[in-house]
Amino acid sequence: MADPTPSPTPLPVFDDLRAESDELDVLVAELTPDRWTLPTPAPGWTVAHQIAHLAWTDHSALLAVTDAEGFRVLVEKALAAPDSFVDEGAEEGAKLPPAELLARWRDGRSALGRALRAAPDGARFPWYGPPMSAASMATARLMETWAHGLDIADALGVTRAATDRIRHIARLGVRTRDFAFSAHGLPAPAAPFRVELISPAGERWAYGPEDASQRVTGPALDFCLLVTQRANRADLALRAAGPDADRWLDIAQAFAGPPGAGRPARGEGTP
């Protein structure tokens, strides 16, 4: 008799999330204790805070996928302290010895990866914003891992080569266009945009109708830096055609929560 429960569909984003995490792991695995305390571009956050935040958010995501009631309790705590709960989670983890923090992050992301792969097709899970599918959850985790990995690399004076794994972040950045407008109290444009990006490997990634009057073009890396607010628009080679597209590049963000402060332009402060 056939198994009535369909097997989950394996998705490339699951493998890309694991690869992104493993690459960051290599960057921090052999750090001496003093290097864990180096400041990163995020005010008040050290390298340890960055990894602690990833571990904390992985744990939150794991609860969302496997323990809806446990995640509900987390949401209640977040609502009780909306301006501090993220920093508090990072601060708690950053106090751990580096080896313990590293082990916690590794165990948590492995458990989350297994849970996402085992999720049935079509399942949706609660989050701090709208419910998400397993693929969307993995995409959000990849985005955060990549973005916080950049912060760590900046602190260590390391340049990380971009890979085509950022295609997931680019697509998320396009899909969150309307959210970015609403986060700033602005009505979302009625017309679709055309976004054309050049990938790290030199391929063209295109989104939206070809004849759209509102257009964004440029390197995919720069677009991902923009929507994760890891670089100032003034320092990026992105071009907008049309007033709505131009406005979007000033406010774009692919992450949940209130609008971020962004990064100053080079020469205006800490990059």
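**Entry 1: the β3–β4 hairpin**

I began with L197 and looked for its bridge partner in β4, which turned out to be W205. I then did the same for I198, and its partner in β4 is R204. This is a predicted model, so I am reading computed coordinates throughout.

Stepping back to the strands themselves, I noted that β3 covers residues 193-198 and pairs with β4 in the antiparallel sense, over 4 bridges. The hairpin of these two strands has 5 residues between them, and there I found G202 with a positive phi near 90°.

Which residues of β4 sit on its covered face, and which on the uncovered one? For β4, residues 204-207, I wrote down W205 and Y207 as covered, with R204 and A206 on the uncovered face. That fits the textbook picture nicely, as side chains in a regular strand alternate between the two faces of the sheet.

**Entry 2: the whole sheet**

Next I wanted the strand order. I traced 4 strands forming an open sheet, in the order β4-β3-β5-β6, with mixed pairing. The edge strands are β4 and β6 (239-241), each of which pairs on one side only. Neighbouring strands of this sheet are turned by 10° against each other on average, direction ignored.

I went through the remaining pairings one by one. β3 and β5 pair in the parallel sense over 6 bridges, and here E196 has T217 of β5 as its bridge partner. β5 and β6 run antiparallel and are joined by 3 bridges; at this seam I found V216 opposite A240 in β6.

**Entry 3: R194**

Is R194 of β3 buried or exposed? I found this arginine in strand β3, and with a relative accessible area of 7% it falls below the 20% cut-off, so R194 counts as buried.

I looked for what surrounds its side chain. One of its polar atoms lies 2.5 Å from the backbone oxygen of G208. Leaving aside residues up to four places away in sequence, I listed the contacts of R194: R204, A206, Y207, G208, P209, E210, A212, Q214, R215 and V216. Two of these, R204 and A206, I had already met on the uncovered face of β4.

**Entry 4: helices across the sheet**

Then I turned to the helices lying on these strands. Helix α10, residues 220-227, lies across β3, β4 and β5 (214-219), and I read its direction as about 110° to β5. Helix α11, residues 243-251, lies across β3, β5 and β6, running at about 45° to β5.

**Entry 5: α8 against α10**

How do α8 and α10 pack? I looked up helix α8, residues 167-175, and found it packed on α10 at an angle of about 55°, with the axes 9 Å apart. That angle makes α8 oblique to α10. I also noted that the crossing of α8 and α10 is left-handed. On the α8 side the contact is made by I169, A170, G173 and V174, and on the α10 side by F223, C224 and V227.

**Entry 6: a look at α5**

Last, I moved to helix α5, residues 85-94, and checked which residues are buried: F85, G89, A90, G93 and A94. I followed these buried residues outward and found them packing against α3 (47-66), α4 (68-80) and α6 (98-118).

Conventions. Residues are numbered from 1 along each chain as its sequence is written. This is a predicted model: local features need pLDDT of at least 70, side-chain atom pairs count only at pLDDT 80 or more; totals for chains, interfaces and linings use all residues. Side-chain values use heavy atoms; hydrogens and water are left out. Buried means under 20% relative accessible area, exposed over 50%, partly exposed in between (1.4 Å probe, protein chains only). Two strands pair if DSSP finds at least two bridges between them. Axes are lines fitted to C-alpha atoms, for helices over the stretch in contact, and angles run from 0 to 180 degrees between N-to-C directions. Contact means heavy atoms within 4.5 Å. A polar contact is a pair of N or O atoms within 3.5 Å; within protein, one must be able to donate a hydrogen and the other to accept it, and residues adjacent in sequence count only if both atoms are side-chain atoms. Angles under 35 degrees count as roughly parallel, over 145 as roughly antiparallel, 65 to 115 as roughly perpendicular and the rest as oblique. A crossing is left-handed if the near helix is turned anticlockwise from the far one by less than a right angle, and right-handed if clockwise.
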